[in-house]
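Student: Could you walk me through this structure one feature at a time? I would like the general idea before each case.

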Amino acid sequence: MILEENVLIADFVKEIFRATYGVEDDELYRSDELRETIRGAVKSLRTSYQNNVYVTDYGAEENRKAYMIAYYPYYIEPARYVVENFVAPQISPREIIKANFFASGPCPELLGTVAALKKMERCIQVDVQTYDPQPGWFPYQQMTFKLAEKLLKVSAPAVILAHAEGRIETDIFFMQNYLSHMPCQNADKFIEDFSAVAARTNSKTFFVFVDLNYGSTAMVFRRLVDENFLRANGLEKIAAHIPDYGEPFMIRYGDTTQALRDNIFTDDDGLIQKKCTKFYFVALKKI
Ligand SMILES: C[S@@+](CC[C@H](N)C(=O)[O-])C[C@H]1O[C@@H](n2cnc3c(N)ncnc32)[C@H](O)[C@@H]1O
């Protein structure tokens, strides 16, 4: 099912390019070195995503930068769609909403979440916690916080440790594009860990999983919506579209910037511009 057609993206990519590389994208016409560095990094990301389980080196700075222009802009809308349509309608308006992002990376899902909460007039401030083992993402998260602050007040980010003890005080627990990086043999352990996390949250906490159909996504999503699992963990399914149900949801995008099309996404050598995001999701609520 196509949710959005031709989402315009070029101006946003231009802004992200400037913030990521510190120059305008027009610099790609002048600097062979910049062009070749970015082409190499995009190819490295694309190759890693051709595996059935993504094995991607986010420790490399150039790979993180390439992610910002080749993927990040395309992962805002899925989060916005799920929060706007299924989560926000169930949250009563209040001053502050707490949102916790696991495997956040640069956290495009924060932008989608904030856009949805603003549109639905659910709060005036979002208090954010992120967790990601790769500290190199931190400057890119800062970029996201600045963009989100144009929409709503966003608290200074707090980096959490996933295995810290005690209650998890959050209204929304978000996990996007993590399961596609996790092999199927880790699914049992993941379900066990998630049950333990859910047990530490309060009633009315929402859990949102958004992912592509790679790695353990299909297997884990099937288990998350299983009636026995939900009952045993005091959870209810508020919405889901999992691979077992059929084709993914799709958001189609317009072209990226002219400079990126002329220099990076030149349709050769695997350097094809991304034109859509196909995703599945599960949204649960703690009873
Ligand atoms: C594709 S990125 C997704 C980033 C972001 N959520 C998005 O949708 O753009 C996958 C992230 O998972 C993180 N990651 C890998 N292993 C992890 C783990 N064991 N716990 C939490 N995050 C992990 C990586 O560092 C990376 O930032």
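Student: Of the contacts in the protein chain with a separation of 6 or more, what percentage comes from residues 24 or more positions apart?

Tutor: Let's begin with what a contact is: two residues are in contact if their C-beta atoms, placed from the backbone, lie within 7 Å. Here, residues 24 or more positions apart account for 85% of the contacts with a separation of 6 or more. Before we go on, please keep in mind that this is a predicted model, in which local features need pLDDT of at least 70, side-chain atom pairs count only at pLDDT 80 or more, and totals for chains, interfaces and linings use all residues. Residues are numbered from 1 along each chain as its sequence is written.

Student: How many helices and strands are in the protein chain?

Tutor: Both are DSSP runs, numbered from the N terminus: helices are H or I with at least four residues, strands are E with at least two. The protein chain has ten helices and ten strands.

Student: What radius of gyration does the protein chain have, and what would a compact globule have?

Tutor: The radius of gyration is taken over C-alpha atoms, and the globule rule is 2.2 Å times the number of residues to the power 0.38. For 287 residues, that rule puts a compact globule near 19 Å; the protein chain has 19 Å, so the two agree. Along the principal axes, the C-alpha atoms fill a box of roughly 60 × 40 × 35 Å.

Student: What share of the residues counts as buried?

Tutor: A residue is buried if 20 or more other C-beta atoms lie within 10 Å of its own, exposed if 12 or fewer, and partly exposed in between, with C-beta atoms placed from the backbone. Of the 287 residues of the protein chain, 38% count as buried.

Student: What span should helix α6 have, and how far apart are its end C-alpha atoms?

Tutor: The expected span of a helix is 1.5 Å times one less than its number of residues. Helix α6 covers residues 138-149, so its twelve residues should span 16 Å, and the end C-alpha atoms are indeed 16 Å apart. Its buried residues are Tyr140, Gln141, Thr144, Phe145, Leu147 and Ala148. These cover an arc of only 165° around the axis, so they sit on the same side of α6. That arc is the one made by the directions from the helix axis to the C-beta atoms.

Student: What covers the buried residues of α6?

Tutor: The cover includes α3 (61-70), α5 (108-119), β3 (125-131) and β4 (153-154). Looking from α3, the buried residues are Arg64, Ala66, Tyr67, Met68, Ile69 and Ala70, and their cover includes α1 (10-21), α2 (32-48), α6 and α10 (258-263).

Student: Which residues does Tyr140 touch, beyond those up to four places away in sequence?

Tutor: Tyr140, in helix α6, touches Arg64, Met68 and Pro106. Tyr140 counts as buried because it has 22 C-beta neighbours inside 10 Å. Its C-alpha atom is 8.9 Å from that of Ala19, although the two are 121 residues apart in sequence. Ala19 lies in helix α1 and is partly exposed, with 16 other C-beta atoms within 10 Å.

Student: Is Tyr280 buried or exposed?

Tutor: Tyr280 is buried, because 25 other C-beta atoms lie within 10 Å. This residue is found in strand β10, and among the residues that Tyr280 touches are Asp211, Phe221, His241 and Pro248.

Student: What is unusual about phi in Ala103?

Tutor: Most residues other than glycine have a negative phi. Ala103 has a positive phi of about 55° although it is not a glycine. Ala103 lies in the loop between β2 (96-102) and α5, and is buried with 20 C-beta neighbours inside 10 Å. Asp269 also has a positive phi, near 55°; with 10 C-beta neighbours inside 10 Å, Asp269 counts as exposed. Its place is the loop between α10 and β10.

Student: How many residues surround the ligand, and which are the closest?

Tutor: A residue is near a molecule if its C-beta atom, placed from the backbone, lies within 6 Å of it. Here 17 residues surround the ligand, and the closest are Ala103, Gly105, Gln134, Gln176 and Asn177.
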